[in-house]
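Colleague: I'm still new to reading models like this one. Could you pick a single buried residue, take a close look at the part around it, and then walk me outwards from there?

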Amino acid sequence: MYAISLGDDGAELRPLEPWRAEEFLAHIDRGREYIGQYIALPDAVTDLESSRAYLRSYAEKAAADTGRIDGIWTGGELVGGVLFRTMDPGQGTAEAGCWLEPSAVGRGLVTRAARALIDWAVRERGVHRVEWQAAAANQASIAVARRLGMRKDGVLRESYLYRGKRHDIEIWSVLAPEWRAAGHGS
C-alpha cells in the first residue's frame with residue numbers, strides 16, 4: 001500500500017481497496033446528502049455489500065488499466081476521494097472525478113489530490129487529455145477544475161438525468177503539454 005502526502009497538514013492520498021468497504025460506507029453515510037447533491041455515488045453505495053462491490057469494480061478497473069480510485073484521509077479518517085472514472089492509456093484519455101464530505105470542505109484537499117492523480121496519469125501512464133465533468137450548478141467542482149488549470153470545453157445541455165431532473169454538464173479538460181507547462185507532471 002502507498003500513501004502520498006498532500007501537504008503539511010498531514011492529509012494523504014491512499015488506494016481505496018475492497019477491504020476498506022466498511023470504512024468507505026461509514027464515510028459515505030457521514031456525507032450522504034452533501035455528496036449526493038450532484039453525483040450518484042451515495043445512491044450506489046447504500047450498504048456493506050454495495051460498498052464492497054463499488055470498490056471491487058474499481059479494483060478491476062485498476063487491474064485492467066481502465067480506471068482507479070483513491071481516498072483522501074485527514075487525521076486517519078477517510079473524508080473524500082478522487083478517481084479516474086474512465087481511463088484509456090492507448091488513446092491517452094482519462095475522466096477524473098471527486099467527492100468530499102462536508103467536514104473536509106474548504107481546505108484544498110480535492111485540488112491537491114486531483115493534482116497528484118493527474119500527475120501520475122501524465123507522468124506514468126502517458127495520458128494526454130484529462131477530462132473533468134461537473135453539473136453546471138456544482139460550483140465547487142468547477143472551481144477545482146479551474147484551480148487545476150483546466151479549460152472549459154463546453155456544456156452538454158440537459159444531458160444528465162439525476163434524481164428525476166435533467167442537468168447541464170460542463171466539460172473541462174487539461175492536455176499533458178499544458179499540465180507540464182504549468183510545472184506539473186515532469
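Modeller: Let's start with His167, which counts as buried because its relative accessibility is 15%, and the cut-off for buried is under 20%. Keep in mind that this is a predicted model.

His167 sits in strand β8. If you skip its neighbours within four places in sequence, His167 is in contact with Leu156, Glu158, Ser159, Tyr160 and Tyr162. Now look at where one of those contacts lives: Glu158 belongs to strand β7. That brings us to the pairing of the two strands. β7 covers residues 151-162 and β8 covers residues 165-175, and they pair in the antiparallel sense over eight bridges. If you want to see a particular spot, find Gly154, which stands opposite Ile171 in β8.

A word on backbone angles helps here. Most residues other than glycine have a negative phi. Glu158 is not a glycine, yet its phi is positive, near 45°. Arg163 is another residue to check: it has a positive phi of about 55° although it is not a glycine. You'll find Arg163 in the loop between β7 and β8, in a hairpin with two residues between the strands. Is Arg163 buried or exposed? It counts as exposed, because its relative accessibility is 53% and the exposed class starts over 50%.

Let's zoom out to the sheet. Strands of a sheet pair through backbone hydrogen bonds, either parallel or antiparallel. Here we have an open sheet of eight strands with mixed pairing, in the order β1-β2-β3-β4-β5-β6-β8-β7. β1 (4-5) and β7 stand at the edges with a single partner strand each, so one side of each has no neighbour in the sheet. Elsewhere in that order, β3 and β4 run antiparallel and are joined by seven bridges. One pair to click on there is Trp73 with its bridge partner in β4, Leu78.

Next, go to helix α5, because β8 is among the elements that cover its buried residues, along with β5, α4 and β6. Which residues of α5 are buried? They are Ser141, Ile142, Val144 and Ala145. Seen down the axis of α5, those buried residues fall within an arc of 155°, so they line one face of the helix. The general idea is handy: an α-helix has 3.6 residues a turn, so residues three or four places apart point the same way. Just after α5 comes Gly149, with a positive phi of about 80°.

Ser141 also takes us to the largest pocket. That pocket has 37 lining residues, and those nearest its centre are Ile39, Cys98, Trp99, Asn138 and Ser141. The elements that give two or more residues to the lining are α1, α2, α3, β4, β5 (93-100), α4 (109-125), β6 (129-135) and α5 (139-147). β5 gives the most, with six residues. As for the space inside the largest pocket, there is about 910 Å³ of it.

Since α3 is on that list of lining elements, let's finish there. α3 runs over residues 48-64, has 17 residues, and reaches 24 Å from its first C-alpha to its last, close to the 24 Å expected at 1.5 Å a residue. Its buried residues are Ser50, Ser51, Tyr54, Leu55 and Tyr58. They cover an arc of only 135° around the axis, which puts them on the same side of α3. What covers them includes α1 (21-35), α2 (41-44), β3 (68-74) and β4 (77-88). Turn the helix around and you'll find the exposed residues Glu60 and Ala63 on the face away from the buried side.

Arg56 is in α3 too, and it counts as partly exposed because its relative accessibility is 33%. Leaving aside its neighbours within four places in sequence, Arg56 is in contact with Pro18 and Glu49. You can also check Arg56 against Trp19: the two are 37 residues apart in sequence and 9.0 Å apart in space, C-alpha to C-alpha. Right after the helix comes Asp65, whose phi is positive, near 60°.

Definitions and conventions: Residues numbered from 1 in each chain as written. Predicted model: local features only at pLDDT ≥ 70, side-chain atom pairs only at ≥ 80, totals over all residues. Heavy atoms only, no water. Pairing = 2+ DSSP bridges. Helix = DSSP H or I, 4+ residues; strand = E, 2+ residues; numbered from the N terminus. Expected span 1.5 Å × (residues − 1). Buried < 20%, exposed > 50% of the residue type's maximum accessible area, 1.4 Å probe, protein only. Arc of directions from axis to C-beta. Contact = heavy atoms within 4.5 Å. 1 Å grid on protein atoms, 1.4 Å probe; cavity = no way out; pocket = protein on both sides within 12 Å on 5 of 7 lines; lining within 4 Å. Points joined across faces, edges and corners; volume = space filled by probe spheres on them.
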